[in-house]
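Subject: Handover of a structure, with notes

Dear colleague,

Please find the structure below, followed by an account of what was found in it. I would be grateful if you could read the notes with the structure open beside them.

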Amino acid sequence: MASWPAASRRQSSSSSSSRKSAELSGARAQSHSHHGRAASSPAAYGYGRQLSSYSTRSSQVSSSSSGSFSARVAGAFTSCFVPRRQVTTEEEEEEKKKSRRSECHVSIDSAGSWQEGKALTIADVSKATSNFSEKNMIRQGRSSTMYRGKLKDGSQIAVKCVKKLNGQNLTAELWRELETLEKIEHRNLARLFGFFERVADCVVVVEYVSNGSLREHLDESCGNGLELSQRLNIAIDVAQGITYLHEYKEHPIIHGGIRSSGVLLTDALTAKVAGFALAGTAASGSGSGSGSDATPAKGAAGYVDPEYLSTYQLTDKSDVYAFGVLLVELVTGRPPIERSRGGEARLTTKWALQRCKAGEAVVAMDPRMRRSPASVAAVERMLALAAQCVATARDDRPSMRRCSELLWAIRRDYHRQEEPRCAAVAEERSDEWVVR
C-alpha cells in the first residue's frame, strides 16, 4: 500500500510531462505555421487575442453552456473596459482644448513684432501688469477694465478684462472668431495678441498704442490739435483698416463698434482701429448680403445703424454708417451727440449735413482748423461722402473700399490746391524778411 502513492505520483508526473511535451510540440508547430507572427509573445498574444476576438468570444460565451466562469468574467470585463477607454480619451481631448484656451501660442521678440513660437500664458500677463494693479490701470468702465503691461523683453501691451454677462462662457463659435482675429495683421488695425477665459471675465491682450485716441485729440485733451491734412490721413487709415476686415480672405469680418474713442493714434498720428476683438463675423459670401447677430459695442450711441434697431442684423454697411458719423466728427470736432443748454440732445451728424446742404459747410468746420478755399472744398466733399454713408437704406451706402478711394481723391486734390498757396505764403514771408 505504501508503494501506491509513489506509483501514482510517478504515473501522474509522467502523464503531466507527456502532456507538456505534447503542448510544446503543438505550440512549435503552430508557431512554424504562422511564420513567427506577434502571437509568439505570450503576453502580446493573450491580450491581442482577447481584444481581437471580443465580439466572437462574447457570442461563444453566451451560446456555449460549457463556457467557464473566468471566460464570462473576461468577456464582461472587456465590454466594460473598452468603452471606458473611449470616454477617458474624450475627457483628455476636452482637457487639451481647455489647456489650449489658457495659452496663446505666440511670442514677442525684442523689436516688438510677434512671432509664432512660445506660449504666452495668463501668468505672463499677470506679471506684466503687476497682478492687474491699479497703478497700471488705463481706464475703467462698467463692463471692462484696461491695463497697461510690460513683458519681460520690455515690449508694452494693453490688457482688457471684459466682465462676463451673467457668467456665460465664450461659445465655441466666438473662440473660433478670436482665433481668426489673432491671425490678422494690418498697419491700421490694433493687433490682437491673445485671449484668455477666466471664471468671472475674459482677458484680451492687444497692441498698446501710446498716443491716445482720436476722441482725445479732437477734444485736445491729448496732443496739440489736428489740421485738416492730418484728419484726412486718419480717415483714410480707418477706411483702409475696415476695408481689410470686410475683404478678409477667410471670411468677411464686421467690426460692429467703430467710434472715435476706438481709433488709436501713434506718435506719428497713424490711426489704428481697435475694439474688434469681440467683433461679429459675416457669413461666407458677399459682404453686403451677409449679416451677424453680434451686438454693437456699448457706448456707441450715435453710431448705430438705424436698420439694426429694427432687424438686429449687423452687416458691412453697418460699419459704413458708423464710418460716416466718424467723418462728421473729424470735420466738426464734436461728439456724435451733444447736449444743448436746455438739456436736449442734438445729433451732430444731422446738424452738420443740414449746414452742408444749405451751402454752409464752413459753419460746420471745427473752428480750430485753418480756413482756405482748398480746406472748405475738401470739407464739403467729406460731408457729402458722410451723407452717402449714413443713407437710410443700406443699399444706398457705398462700400468701405469706395470710401477709401474717394478719400484718396479728396486728399490729392486738397494738397494740389493747398501747396501753391503755401508756397506763395512762404515766398511772401521771405520777401518781407528781405525788406526788413
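The protein chain has an accessible surface of about 25400 Å², and carbon and sulfur atoms contribute 52% of that surface. Accessible areas here come from the Shrake-Rupley method with a 1.4 Å probe, and for residues only the protein chains shown count as cover. The model is a predicted one, in which local features need pLDDT of at least 70 and side-chain atom pairs count only at pLDDT 80 or more, while totals for chains, interfaces and linings use all residues. Residues are numbered from 1 along each chain as its sequence is written, and side-chain values use heavy atoms, with hydrogens and water left out.

Of the 436 residues in the protein chain, 40% are buried; the term buried stands for under 20% relative accessible area, exposed for over 50%, and partly exposed for what lies in between (1.4 Å probe, protein chains only). The chain has 14 helices and 13 strands, taken as DSSP runs numbered from the N terminus (helices H or I, at least four residues; strands E, at least two). Among contacts in the protein chain with a separation of 6 or more, 60% are between residues 24 or more positions apart, where contact means heavy atoms within 4.5 Å.

The sheet

Five strands form an open sheet in the order S3-S4-S5-S7-S6, with antiparallel pairing; two strands pair if DSSP finds at least two bridges between them. The edges are taken by S3 and S6 (192-197), each of which has a single partner strand, so one side of each lacks a neighbour in the sheet. From one strand to the next, the twist averages 15°.

Starting from the S3 edge, S3 (residues 137-140) pairs with S4 in the antiparallel sense over 3 bridges, and Gln140 has Thr145 of S4 as its bridge partner. These two strands, S3 and S4, make a hairpin with 3 residues between them. S4 itself (residues 144-150) is mostly covered, with 5 of its 7 residues buried.

S4 also pairs with S5 (residues 156-163), in the antiparallel sense and over 7 bridges. Arg148 has Ala158 of S5 as its bridge partner. The hairpin of S4 and S5 has 5 residues between the strands, and Gly154 takes a positive phi near 95° there.

On the way to the other edge, S5 and S7 run antiparallel and are joined by 7 bridges, with Val206 of S7 as the bridge partner of Ala158. S7 is mostly covered: 7 of its 7 residues are buried. S6 and S7 (residues 201-207) run antiparallel, joined by 5 bridges, and form a hairpin with 3 residues between them. Along this pair, Phe196 stands opposite Val203 of S7, and the bridge partner of Glu197 is Cys202 of S7.

Cysteines

The structure holds 0 disulfides, a disulfide being a pair of cysteine sulfur atoms within 2.5 Å. For Cys202, which is in no disulfide, the nearest cysteine sulfur is that of Cys161, 9.7 Å away. Cys202 is buried, its relative accessible area being 11%.

A pair of helices

The axes of helix H8 (residues 228-246) and helix H10 come within 11 Å and cross at roughly 170°. Axes are lines fitted to C-alpha atoms, for helices over the stretch in contact, and angles run from 0 to 180 degrees between N-to-C directions. H8 and H10 are therefore roughly antiparallel to each other; angles under 35 degrees count as roughly parallel, over 145 as roughly antiparallel, 65 to 115 as roughly perpendicular and the rest as oblique. Residues making this contact include Ile234, Val238 and His246 of H8 and Asp316, Phe323 and Leu327 of H10.

His246, in helix H8, is buried, with a relative accessible area of 12%. Leaving aside neighbours within four places in sequence, His246 is in contact with Pro252, Ile253, Asp316, Asp319 and Met400.

Two loop residues

Ser130, although not a glycine, has a positive phi of about 55°. Ser130 sits in the loop between helix H5 (122-128) and S3 and is partly exposed, at 36% relative accessibility. Tyr312, also not a glycine, has a positive phi of about 55°. Tyr312 belongs to the loop between helix H9 (306-311) and helix H10 (316-332), and is exposed, at 54% relative accessibility.

With kind regards
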